[in-house]
Amino acid sequence: MYHPVFQLEFDEPVFVMTVNIYETYHAGGLKSIKGMTKEGIWQSLWKTNKATCITQPRIFSPELSVSCLCNKALYNCSNPTQNPTLQF
């Protein structure tokens with residue numbers, strides 16, 4: 001099953017304490033957020049078992065399970081057949 005993924009990379013490591021995601025069209029498709037530690041390990045920052053389809057735009061600020069110093073962030077989205085028009 002295909003799950004869209006996008007990755008952000010920072011020039012300098014950042015300490016991630018909060019994330020604000022601007023979902024503009026069919027919000028609610030985010031499944032997980034991970035940050036890469038300086039040791040090169042993907043640390044789970046937030047996850048859910050079920051994505052939703054919200055018809056209104058929103059700024060999504062999930063409560064992170066942990067904060068970490070990272071230089072990459074990975075966002076995993078729901079299956080596009082469940083939410084084919086997901087946009088961030």
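## Overall picture

Of the 88 residues in the protein, 33% are buried. Keep in mind that this is a predicted model. The accessible surface adds up to about 5,800 Å², and carbon and sulfur atoms hold 53% of that.

As for secondary structure, you'll find 6 strands and 0 helices. Walk along the sequence and the pattern reads β-β-β-β-β-β. Now look at contacts between residues at least 6 apart in sequence: 74% of them join residues at least 24 apart.

## The sheet

Which strands make up the open sheet, and in what order? There are 4 of them, lined up as β1-β6-β3-β4 with antiparallel pairing. On the edges sit β1 and β4 (42-47), each of which pairs on one side only. Ignoring direction, neighbouring strands in this sheet are turned by 25° against each other on average. As general background, the strands of a sheet pair through backbone hydrogen bonds, in either a parallel or an antiparallel way.

For a look at one pairing, take β3 (residues 30-36) and β6 (residues 68-77): these strands run antiparallel and are joined by 6 bridges. If you want a spot to zoom in on, Gly35 stands opposite Ala73 in β6.

## The salt bridge

How many salt bridges does the model have? The count comes to 1. The partners are Arg58 and Glu23, with their closest N and O atoms 2.5 Å apart. Arg58 belongs to strand β5 (residues 58-60) and Glu23 to strand β2, so this pair ties together parts that are 35 residues apart in sequence.

Are the two partners buried or exposed? Glu23 has 1% relative accessibility, so it counts as buried; the cut-off for that label is under 20%. Arg58 comes in at 27% relative accessibility and therefore counts as partly exposed.

## A nonpolar patch on the surface

Which residues make the nonpolar surface patch? Phe15, Met17 and Leu69 do, and the patch covers about 340 Å².

Met17 is worth finding in the viewer: look in the loop between β1 (5-16) and β2 (21-23). Because its relative accessibility is 59%, Met17 counts as exposed, the cut-off here being over 50%. As for the other two members of the patch, Phe15 falls within the range given for β1 (5-16), and Leu69 falls within the range given for β6 (residues 68-77).

How values were computed
Residues numbered from 1 in each chain as written. Predicted model: local features only at pLDDT ≥ 70, side-chain atom pairs only at ≥ 80, totals over all residues. Heavy atoms only, no water. Patch = residues over 30% accessible without salt bridge, like charges linked within 9 Å, V, L, I, M, F, W, Y side chains within 5 Å. Areas by Shrake-Rupley, 256 points an atom, 1.4 Å probe, with all protein chains shown as cover. Salt bridge = Lys/Arg side-chain N within 4 Å of Asp/Glu carboxyl O. Buried < 20%, exposed > 50% of the residue type's maximum accessible area, 1.4 Å probe, protein only. Pairing = 2+ DSSP bridges. Axes fitted to C-alpha atoms, helices over the stretch in contact; angles between N-to-C directions. Contact = heavy atoms within 4.5 Å.
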